[in-house]
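This briefing is meant to be read with the coordinates open alongside. The points are grouped by topic, so that each can be checked in turn against the structure shown here.

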Number of protein chains: 2
Amino acid sequence: MGSPSTATRISGRRQRSSSGHTPVPATRFDRRLKEILAHATDVFCKKGYEGASMRDLSRASGMSLAGMYYYFESKERLLFLIQKHTFSTIVQRLKARLEGVDDAEQRVRIFILNHLEYFLANQQAMKVLSHEAEVLKNGFASELAAIKREYYRICVGLLDDLKGERDLQFTTRIAVLSLFGMMNWIYTWHNPRVDADADAIAREMGDIFLRGVMTGGKSRRDGR
Amino acid sequence: MGSPSTATRISGRRQRSSSGHTPVPATRFDRRLKEILAHATDVFCKKGYEGASMRDLSRASGMSLAGMYYYFESKERLLFLIQKHTFSTIVQRLKARLEGVDDAEQRVRIFILNHLEYFLANQQAMKVLSHEAEVLKNGFASELAAIKREYYRICVGLLDDLKGERDLQFTTRIAVLSLFGMMNWIYTWHNPRVDADADAIAREMGDIFLRGVMTGGKSRRDGR
DNA sequence: ACTTTGTTCGAACGAACGTTCGAATTAGCC
DNA sequence: GGCTAATTCGAACGTTCGTTCGAACAAAGT
């Protein structure tokens, strides 16, 4: 009837995933979308955002090209959904793990472990997050930047606490970004058949970073 | 006259840049190619390899689309030329700087400074090198991988020397790759209007990394 | 002057791109 | 069964992609 073409934009159908917690099943729509996101993550990981075509993505999901657009309105939004979900999850898990831990050094170690554990368990998603960090535009970009900034600020807070507690003298910004570099670079080299698991790597990176940042503060370097 | 179409492939014209040292002028061909590489580096840096079209690249060089193919036979080879030149230069400069320096710690500091100095002075080229590290295929990929491996091995050597000299106990592979991560990640955050220059950052990253790696070796951690 | 070689370009190629549309199919409910 | 809404798809849209071709222009050698 009416005009099925213009303006409709199906948009009404899109907003699912009730703000509360759906225990498991969610709607059919949500379940299928989740599958598509998972397959798309694989493809983006292997070929990059620009290098992956909508035809590649649809093939990976076992869905027709046109059918994809029932679930999201553009390729860019698909990337956004992947990145947002990945990043939100890691922030949320971090908050849960930090709760109840008071020791400043221990809190930094938890940050590192949380990051690396999630990174290695969801390597493809994290590569897409790290490697395609600049491709989103405008609205998508700023919404993701907000989550990113929150995560960054948490880490700044942890290091500033440590710095205050022990009277250290590093530049927080450099330290935080060096730490992110150490951790995020892992997607370029980690090979599960050669390298240790997340716990071991987190311990070793934590050792390097924490000793590096905690040695030689204002507090006497000699034995005095 | 013969057949100008098939098989010619102009290839003979390509091999320039005499193995020796051309003092400055080089051939006209070489000079123009260098300009094109410089402009292409800008564009690849801004839009990524897949995101940059040959039309973008030709526009940036002020040359026609078809004209570009007089200088290189494919977009992939263009990226290869950029990456190879960038990487070769950084390795070559490193070797020169290491010559004559014996102290193991000092040699690691030189490695870090050399990397960061070149990184910040040629930020676009280094971003293209870091970010588009996986797009080349087959022959191009393996030739570049060889340079990469040489650079990596140099760093492993420096750290193993340090480790042997001072009886330390870190995992070299993890340490090297953590260091690369710290340094290479810089392309995602460095802002010349906010952040310090290469010397200062190299000093601070060097402090973090070297203290991290040198503290708490086999040599007693307690005062015994 | 003519010839040769090096350099540039407009126009076009077929293929692949992201996205849309309307019709067909399926699932859920009476 | 039949009705409605949710889901899927084939076919096509117009655009852009990387690359090629042959003709045109400029430089260098004689």
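Which element supplies the largest share of the surface near DNA strand C? In this predicted model, that share comes from H1(B), which contributes 3 residues. The points below begin with the fold of chain A and the pairing of the two chains, and then turn to each DNA strand.

**Fold of chain A**

- The secondary structure of chain A consists of 9 helices and 0 strands, so that, by the DSSP runs used to assign helices and strands, the pattern along the sequence reads α-α-α-α-α-α-α-α-α.
- Chain A has 224 residues, of which 47% count as buried.
- Among the contacts in chain A with a separation of 6 or more, 71% are accounted for by residues that lie 24 or more positions apart.

**Helix H6 and its surroundings**

- Helix H6 of chain A, which spans residues 123-131, is mostly covered, with 7 of its 9 residues buried.
- The buried residues of H6(A) are Ala125(A), Met126(A), Lys127(A), Val128(A), Leu129(A), Ser130(A) and His131(A).
- Within chain A, these buried residues pack against helix H1 (28-47), helix H4 (75-98), helix H5 (104-121), helix H7 (138-166) and helix H8 (172-184), and they also pack against helix H6 (123-131) of chain B.

**Leu158(A) in helix H7**

- Leu158(A) has its place in helix H7 of chain A, and it counts as buried because its relative accessible area of 5% falls under the 20% cut-off.
- Leaving aside residues up to four places away in sequence, Leu158(A) touches Leu98(A), Arg107(A), Val108(A) and Phe111(A).
- The C-alpha atom of Leu158(A) is separated by 9.9 Å from that of Arg109(A), although these two residues are 49 residues apart along the chain.

**Pairing of chains A and B**

- Chain A is superposed on chain B by a rotation of 180° with 0.0 Å of shift along its axis, at an RMSD of 0.0 Å, which is the relation of a two-fold axis.
- The same surface serves both copies, since 100% of the contact residues of chain A recur in chain B.
- Of the residues of chain A, Gly212(A) comes closest to the rotation axis, with its C-alpha at 1.8 Å.
- The contact between the two chains takes 33 residues from chain A and 33 residues from chain B.
- About 3,000 Å² of area is buried between chain A and chain B, and carbon and sulfur atoms give 59% of this area.
- Trp185(A), Ile208(A) and Arg211(A) supply 23% of the area that chain A buries against chain B, which is more than any other three residues supply.

**Surface near DNA strand C**

- There are 22 residues around DNA strand C, and those that come nearest are Met54(A), Tyr69(A), Ala66(B), Tyr70(B) and Tyr71(B).
- Of the atoms of DNA strand C that come within 4 Å of the protein, 58% are accounted for by sugar and phosphate.
- Two phosphate contacts can be named here: a backbone N or O atom of Ala52(A) lies 3.5 Å from a phosphate oxygen of DNA strand C, and an N or O atom in the side chain of Tyr71(B) is 2.5 Å from a phosphate oxygen of this strand.
- A base is also approached, with a polar side-chain atom of Arg55(A) lying 2.9 Å from a base nitrogen of DNA strand C.
- Helix H2 (54-61) and helix H3 (65-68) of chain A, together with helix H1 (28-47) and helix H3 (65-68) of chain B, each supply at least two residues of this surface.
- By class, the surface near DNA strand C has 10 nonpolar, 4 polar and 8 charged residues.

**Surface near DNA strand D**

- DNA strand D is surrounded by 23 residues, the closest being Ala66(A), Tyr70(A), Tyr71(A), Met54(B) and Lys75(B).
- Sugar or phosphate accounts for 57% of the atoms of DNA strand D within 4 Å of the protein, and the rest belong to bases.
- A phosphate oxygen of DNA strand D is 2.5 Å from an N or O atom in the side chain of Tyr70(A), while a backbone N or O atom of Ala52(B) lies 3.4 Å from a phosphate oxygen of DNA strand D.
- An N or O atom in the side chain of Arg55(B) is 2.8 Å from a base nitrogen of DNA strand D.
- The largest share of the surface near DNA strand D, 3 residues, comes from H1(A), and by class this surface has 10 nonpolar, 5 polar and 8 charged residues.

Technical notes. Residues numbered from 1 in each chain as written. Chains lettered and ligands numbered in written order. Predicted model: local features only at pLDDT ≥ 70, side-chain atom pairs only at ≥ 80, totals over all residues. Heavy atoms only, no water. Least-squares fit on C-alpha atoms with pLDDT ≥ 70 in both. Contact = heavy atoms within 4.5 Å. Buried < 20%, exposed > 50% of the residue type's maximum accessible area, 1.4 Å probe, protein only. Helix = DSSP H or I, 4+ residues; strand = E, 2+ residues; numbered from the N terminus. Near = heavy atom within 4 Å. Polar contact = N/O pair within 3.5 Å; in protein donor to acceptor, adjacent residues only side chain to side chain. Nonpolar A, V, L, I, M, F, W, Y, C, P; charged D, E, K, R; others polar. Buried area = accessible area lost by both parts, 1.4 Å probe.
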